[in-house]
Every structure is written in C-alpha cells, then in structure tokens.
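Colleague: I would like to learn how features of a protein model are read, taking one feature at a time. Could we go through it together?

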Amino acid sequence: PPALRRRQHREYREHGVAGRVRHVLEHRGQVERLELGTRRVVAVAVHTDDREALAAAVEGTTIALAPGRYDTGQGPEVAIAPGTFDTLSHLTQPGVRLRGTSVANTTLYSNRPPVPEGSPGDTAMLVVEAEGVEITDLRFDSAHPAVDILSGGDATVRRVVLDGTLSGLAALAGGAGVFEDILAAGWTRLPVVLALGGSVTLRRAVLRDDGMASTIGSDGAGSSISVEDLAVLDASSAFIAANGGELDATRVAIDAPRSALFADGAGAHIHARWLHISRIPPTTTGVFVRSGGTIELEDLVAAGVSGSPGEISILGISAGSTLSVSRGVLAGAGPGVVAEGTVLLSDVIGVGANNHFEARGAAAHATLVRVELSGGIGFGIYADSSASVSASDLWIHDLAPYSAIYAWGASVRVERAALERGQSGLYAYAGAEATLTDAVIRDMTESD
C-alpha cells in the first residue's frame, strides 16, 4: 500500500533499515527513558513516574532514536528521545539494533556519579549480553563507559563519537566486539578501547586527548585486540598489552605519545605493521617492553624525537623481554635503542640519535642485520657489562667525536662492516671481547 511504501521510504532515509524498524522514539520535550532487556519488556518509555510499554524487542528488532539528548538515569534504564538519553541499559535479546539519527544530534549521557576507577563491566551506559547486537550513529557523553560487551555477547558498534571522561568500548570476560568508524576525545583513566578477557576488532578510528591513561588496552590471558587504520593524537600511552594480552595493529599513526607501545608481563604480545610514531617527548620511551613481554614491529618510522644522552630511548627492552624490528627508520635527537633484554634489528636506519644502540648488562643479547647508523652525538653501538652483540652488514658513519663501536667488558662480533668518519672504529677495554671480520675503517680522528 502507498502508506506502507511511504513509511518504509522514511525509515530507509532516516535509519537505513526500511521495513525493519519496530519502534521510533520521538522526543516529547522532556526526559524520556528506554529500558532495554528486563524480564518482561525490552522497550519502555518513562514519562515522570509513569511507564508505558512501547515495543517488545524480540530478536531482530530495530530501535531507532530520533534526534535528541537522552539521559540514562540512575538504574538499568535508557532515556531515549529527540534530545539526550541518560542510559544504563542491558541489551539481552539477540539481533537487536539500536540506531541514532546521526552522531551530530543523537546523544546518550548520564548524570549518575562517576564510577570508581578500574571497575568496568557493570557501569556502562549500554551493556551487551546477546549475540548479533548493532549500535550505530550515536554520541556518548558521560563519565561512564559507553559500551561493555559481556560473556555470551557480541556486538558491532559503528559510526560512534566518544566524548566523555572515563572509557569507551570494552569486551569483557569472553565478550566480542567489532568497532568501526570511531572518534574519541577527552577520555581518561581507563582505555578508550579495552579487551579484558574478551576480543576486539577496531577499524578506522581517530583517538585524541592529552590526558588518557591509555588509548587501547589488552589485559589478561585470552584478551586480544586487532587494530586497522588508526590515528592517535596526544595520548599518554597508545597501546598497552599486559599479563598475557595480545594486540595486533596495522597502519597506525601515533603523534606525541608519552608511550606509544607498552608490553608488560609474560605472554603480553604486540605485533605492529606500518607504524608511524612522531614527536616523542624527552624522558619518554616510545616503545617499551618489560617483564617477559614481546613486541614485533615491521615497517616502523619513529621521527621527531627529542632528548639527550642518558635519557629514555625510542625503543626500550628490559631484561627477560624481547623486541624485534624489521624495516625501520629511527630519527631524532634522543637515544635510539636501549636493550637490557633480547633485541633483533634488521634493515634499520638510525639517524641523528644520542647513542644509537646500547646493550646493557649480562641479559642483553642483540642481533643487528643490515643496519645503518649515522649522525647525532654519541656512539653507534655501545655494549657494557657482559652484554653480547652480533652484527652483520653494518654501516656506521659520521659520529665524530665518538667511536663507531664501544665495548666495555662486553662481547661484540661484527661481520662485513664499514666504519667511517668518527673518533675511532672500535674501542674495547675492561676485558671486552671484540671481533671484526671483513671490515673497512677509515677517516677516523684517532687510531682506527
């Protein structure tokens, strides 16, 4: 019938789901609440003290929110109308779709007191406990987490703006989430995207703030995050994998972080490809792994680093931990790599650092293959206190007035090397063992 066609056309134009909208909430000029996932009803509008059932959200229901700001309230409720919704809602029916009109004019917020730091899982505005849930075209503005996905739940969150003060999107205790086309700003204390015993896929996101505790966190055994096409601006820490958490990232740009990547604890693992880190401030480690964690980097550019000798480095590896870089450029005035654990560099260029590579202590084991180090103030390779360094196809040049290789009580083996324009090619003392094979050393200010 013509009336049905007109309705379906309006639903498609406003919500992209012609013929599937079970209920459209319209703003009535006052705070409205929508309660989702209770025992009897799944959609309830609340006007003052009266409750009026609007729709039963059976499997596959689409709930479309008209423009407005919705207050989520004090209990398990969502206020939904043209305006702002204040919401703490549990989505317990599979296949339910919650759609706003657009991020510009449909907002969920909460006036409830802020939750204690470090307590995700029971305080989010939307809590997902069912499969196949979709949440799209909304702005979240609250001191509460936006969406938590719990055990047995999986959800797709798409075209969402996070503009609050606590945390954003989380998969907890076996929950699974796909988050796409996300913009976040102003979030602090907890990660914007968190996997805590759950799994997360994040695609096409811009995350920015200068006060975040961390941007993306994968914490605990069984936790995993996959990231594609991400820009992070002015964050305290961009990626954190801890206590067995897994984090995989592709095509990521991180600007002005106080720590770009951090792997902490046995089993914690970060694998990043096509990674660009810029404007690392002094006294900061751009990439740091400790306590048995592992970081693998491919196609890395770390540029615009400031600092001086003795300060924290671009890449840092603690004892018992492992870091590898395949195809990378490290450029800037700060220290380059400081290794107290295991490190592998292949096809890497270091430019302008204050001490390009340092191996410190007996637990430091370094392998360098096809590496070029030049410029800056400091040594090309510095090894001390029983550290071991093995290098091949090495080119170190223009380090005056410092030595290309400096070994103090360490073991250094180099094959096929060119050492040019510095104070000396190799300086070894205090019981150091140094071996050079197929090496060219020239244009040094002191004895070669």
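**Contacts, salt bridges and enclosed space**

Modeller: Let us begin with one pair: the side chains of Asp 255 and Arg 279 are joined by a polar contact of 2.5 Å, a polar contact being a pair of N or O atoms within 3.5 Å, where within protein one must be able to donate a hydrogen and the other to accept it, and where residues adjacent in sequence count only if both atoms are side-chain atoms. The model is a predicted one, in which local features need pLDDT of at least 70 and side-chain atom pairs count only at pLDDT 80 or more, while totals for chains, interfaces and linings use all residues. Residues are numbered from 1 along each chain as its sequence is written, and side-chain values use heavy atoms, with hydrogens and water left out.

Colleague: Where does Asp 255 lie, and is Asp 255 buried or exposed?

Modeller: Asp 255 lies in strand β22, residues 246-255, strands being DSSP runs (E, at least two residues) numbered from the N terminus. Asp 255 counts as buried because its relative accessibility is 17%, and buried means under 20% relative accessible area, exposed over 50% and partly exposed in between, with a 1.4 Å probe and protein chains only.

Colleague: How should I read salt bridges, and which residues does Arg 327 pair with?

Modeller: Side chains of opposite charge can pair when their charged atoms come close. A salt bridge here is a side-chain nitrogen of Lys or Arg within 4 Å of a carboxyl oxygen of Asp or Glu, and by this rule the count comes to 20. In one of them the side chains of Arg 327 and Glu 298 meet at 3.4 Å, N to O; this pair links distant parts of the chain, with Arg 327 in strand β28 (residues 322-332) and Glu 298 in strand β26 (residues 294-305), 29 residues apart. Arg 327 also forms a salt bridge with Asp 299, whose closest N and O atoms are 2.8 Å apart. Because Arg 327 lies in strand β28 and Asp 299 in strand β26, this pair ties together parts that are 28 residues apart in sequence. Arg 327 is partly exposed at 38% relative accessible area, Glu 298 is partly exposed at 25%, and Asp 299 counts as partly exposed at 23%.

Colleague: Which strands hold Arg 370 and Asp 347?

Modeller: Their side chains meet in a salt bridge of 2.7 Å, N to O. Arg 370 lies in strand β32 and Asp 347 in strand β30, so the pair ties together parts that are 23 residues apart in sequence.

Colleague: How is empty space found, and what lines the largest cavity?

Modeller: Rolling a probe the size of a water molecule over the atoms shows where empty space is left. A cavity is a set of points, on a 1 Å grid over the protein atoms alone, where a 1.4 Å probe fits but cannot get out, and lining residues have an atom within 4 Å of a point. The largest cavity has a volume of about 60 Å³, a volume being the space filled by probe spheres set on the points, which are joined across faces, edges and corners. Its lining includes Leu 330, Val 348, His 356 and Phe 357, and β30 (342-351) and β32 (365-374) each supply at least two lining residues.

Conventions. On a 1 Å grid over the protein atoms alone, a cavity is a set of points where a 1.4 Å probe fits but cannot get out, and a pocket is an open set with protein on both sides within 12 Å along at least five of seven lines; lining residues have an atom within 4 Å of a point. Helices (H or I, at least four residues) and strands (E, at least two) are DSSP runs, numbered from the N terminus.
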